[in-house]
Amino acid sequence: VRREAFRKLTPVIKGNKICPLDKVTISTATTTQEITGSQELFRAIIDRNVRHFHQATETPFAQKPLVDILPPFRIDSSINEALLQGDISNFHEQSNIIKDLLSNLNRLPSVNQIPSDISTEEFIQGIKRVKEGKSSSLSGRHYSLYKAMASFPFTTDLMVTLINQCVNNSIMLTRWRKVLQVMLCKVPGNYELEKLRVIQLIEADLNMYLRLVWGKRLVNNALQHNLFPAEQFGNHPGVQSGSAALLKTVSTDLIRLLRANATIFNNDAKACYDRIIPGFSQICCQSLGLPQKAAAFMLQFLLSAEYHVRTAYGISEEFFSNLSKAVFGVLQGSGSAPAIWLAVSIILIRNYNKKFASEGTPNPTRTDFLTKLLDAFVDDTDLYDIVLDPNITTHTLAERMQQRAQFWEKSLFATGGKLNFKKCYWYLIQWKWDEDGQPSLKTSTEAPADLALTYGGSSHSTTICRKEPNEALKTLGFWSAPTGQQKTQLSETKTTLHHIAKNIHATPMTHLEGRLLIPVYLHSKLRYIFAATS
């Protein structure tokens, strides 16, 4: 009964993001064009996706000379092995950013390589955990087929043996090459072409292999060897976004209790999964224990993939691939993508932590000290610069954070990524005291400062939006401000609850369904924000 109630209520409250894509709109500065015909729609989406997945071609590892030394879709065994042993002599002519990143790829002697073969038992258990209705497989071999095959271990064993042999010899089955790109509305009803999100569906058996080796085995190996930085709260067991949200609240509480001056910079990476350079990312995975056979298979798969598009008119016969233009990214929607980004982010965080030494920040009783440089949840990153010197100037505070933010931008750019400057923002926290000795935070008028960043090798700088200390913004699912004010969160929660109540009232459900569903739904909706609010 509860499942039926959720089925009725969820689309009404959340909106249907998997909208039947029968049209898209393309907007320019002066005009808006709507495309509706089937072939025109396929052509527009494919052209857009070719551009989208080709964006990282301007970054260092996709340009000469690095593209010849470290190919994006091929493994050079001698180069890779040297990097994993900490030898970067092949890159002595590269920029300091590149050399700093590559120096963090060394694999610790204590880190064991994980096996690349999977067992029949693992495959069957993994298939059983997947919902039968999960989308996959352009060939039509969906998870329901493999669930049925699980009752016949001999047949499943033959298939698992085939998968293992293909991986060990970098053989790509014809059906594995077919990747289906599904376009989702980020905002329900918004068909703006550049605002659509691409989810990529691959064959169910191949996706299960990627999930077991990258998503489970590699992540658990890194966790076992304590390779995850404490700053990363995404894509691995034992952490959740609520922990990152709570830590963000506690961090600003500590800044206020210590009356410390500080700057906080919120980064937003643009299409992070779709801009990853495959070759570099697999070396990052190898540093966590991925065997070279598995890495070579992944690169062969990405090189040979053929990308088809699905709309309300069906699946396009036309496709694009690496034969026309380089297609970067690691297939958001696949079982390996979160683990691959996690491996890249580990290198980025290590590199940042080595570059900047933070002052020891004491707790309010000054019995312990911590070093806090950044917090990250997947690609959402906050950079911190907490300064205990009460005499530091506004200009110096802004300059220190500009150096840190620019270093992060250049490091991200080197790995294929890009900061979305329009979505980035920063806070400057500086104190003043009135005649009675009562402290308060200075406004941007009282402490004027700008922070501007350049992109990649460009000399053009973009001024990053600065927010007032009492201005709350939504991050990690809740609204927070350095002043600790929670009026914005309360107002937004009331608006959300009124919206839910209105939709529940309009949704046809029985009294029993309502009694079962409403408490569970509302509790889950509110429990998250209670973790980071009071």
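The following paragraphs describe salt bridges and a nonpolar surface patch in a predicted model.

Across the whole structure, a search identifies 16 salt bridges. One of them joins the side chains of R43 and E318, with an N to O distance of 1.9 Å, and this pair connects distant parts of the chain, since R43 belongs to helix α2 (residues 38-52) while E318 sits in the loop between β7 (314-315) and α13 (337-355), 275 residues apart. R43 is partly exposed, at a relative accessible area of 33%, and E318 is likewise partly exposed, at 35%. Both residues also take part, together with D47, in a network of salt bridges.

A salt bridge is also formed by R175 and D205, whose closest N and O atoms are 2.6 Å apart; here the loop between α8 (153-168) and β3 (178-185), which carries R175, is linked to helix α9 (residues 204-224), which carries D205, across a separation of 30 residues. R175 counts as buried at 17% relative accessibility, and D205 is buried with a relative accessible area of 0%.

In a further salt bridge, the side chains of E446 and K432 meet at 2.5 Å, N to O, bringing together the loop between β14 (439-441) and β15 (452-454), where E446 is located, and strand β13 (residues 431-433), which contains K432, with the two positions 14 residues apart in numbering. Partly exposed status applies to E446, at 40% relative accessible area, and to K432, at 30%.

On the surface, L246, L247 and V250 form a nonpolar patch that together offers about 210 Å² of accessible area. Of these residues, L247 lies in helix α10 (residues 241-258) and counts as partly exposed, with 30% relative accessibility.

Note on methods: Residues numbered from 1 in each chain as written. Predicted model: local features only at pLDDT ≥ 70, side-chain atom pairs only at ≥ 80, totals over all residues. Heavy atoms only, no water. Patch = residues over 30% accessible without salt bridge, like charges linked within 9 Å, V, L, I, M, F, W, Y side chains within 5 Å. Areas by Shrake-Rupley, 256 points an atom, 1.4 Å probe, with all protein chains shown as cover. Salt bridge = Lys/Arg side-chain N within 4 Å of Asp/Glu carboxyl O. Helix = DSSP H or I, 4+ residues; strand = E, 2+ residues; numbered from the N terminus. Buried < 20%, exposed > 50% of the residue type's maximum accessible area, 1.4 Å probe, protein only.
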